[in-house]
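Thank you all for making time this morning. I would like to walk you through one model, and I will keep to its core and its charged pairs.

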Amino acid sequence: MTEDLEALRPAPVLETERLLLRPFTAEELDAVAAGEHEPLFAHGFPSAEDMDFARESLMAGGYFFTESVYARMAVVEKSTGQVIGTAGFVGPPIDHELEIVGSLAADRRNRGYAQEGFAALLGVAFADPSVTGVRASVPEDNAPAEQVLLAAGFVRRETPGPETDYFLPRPA
């Protein structure tokens, strides 16, 4: 069996003007899974969604959940050094599409951080020539997430169920 070595690239550390997106350490992932508030975690982090992600990652123990380019990473506010959320991908591309995910602590929202982090992640996604698009699923009642996606150029795709699917094709 031949492994796809490109898929085994380590998670990058992404730096934007105000954020650092980096892999979680094992200790951080344990603390997030336990819902512990560590000194380096911002008020309101981790959320229930973050705890679920961390628990699933620990149970899976897989490379794609914590260490690959397709991992969900810690979002660090550079000015404070605190982890303020998570952002990344659900896993490797499926049918040439990546699914992007993220969350921010409530008191760090409405500052443009989501757009800033997503822009960095989209750069990673489209650096892979096999990726033809990026998708995101949003609960129908999450208007702020929808606004972030629409501002990034995503378009709504109809899907059955309680979530709305958004899609951004590879730029021409």
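I will begin with how the model is to be read, and then take the core and the salt bridges in turn.

This is a predicted model, in which local features need pLDDT of at least 70 and side-chain atom pairs count only at pLDDT 80 or more, while totals for chains, interfaces and linings use all residues. Residues are numbered from 1 along each chain as its sequence is written, and side-chain values use heavy atoms, with hydrogens and water left out.

The largest nonpolar core, meaning buried Ala, Val, Leu, Ile, Met, Phe, Trp, Tyr and Cys residues joined through side-chain atoms within 4.5 Å, has 32 residues, and Phe154 is among those with the most contacts inside it. Buried here means under 20% relative accessible area, exposed over 50%, and partly exposed in between, with a 1.4 Å probe and protein chains only. Helix H4 gives this core its largest share, eight residues, where helices (H or I, at least four residues) and strands (E, at least two) are DSSP runs numbered from the N terminus.

Turning to charge, there are 13 salt bridges, each a side-chain nitrogen of Lys or Arg within 4 Å of a carboxyl oxygen of Asp or Glu. Aspartate 165, which counts as buried at 3% relative accessibility, pairs with arginine 135 at 2.7 Å, N to O, and also with arginine 157, where the closest N and O atoms are 3.0 Å apart. Through shared partners, Glu97, Glu99, Arg135, Arg157 and Asp165 are joined into one network.
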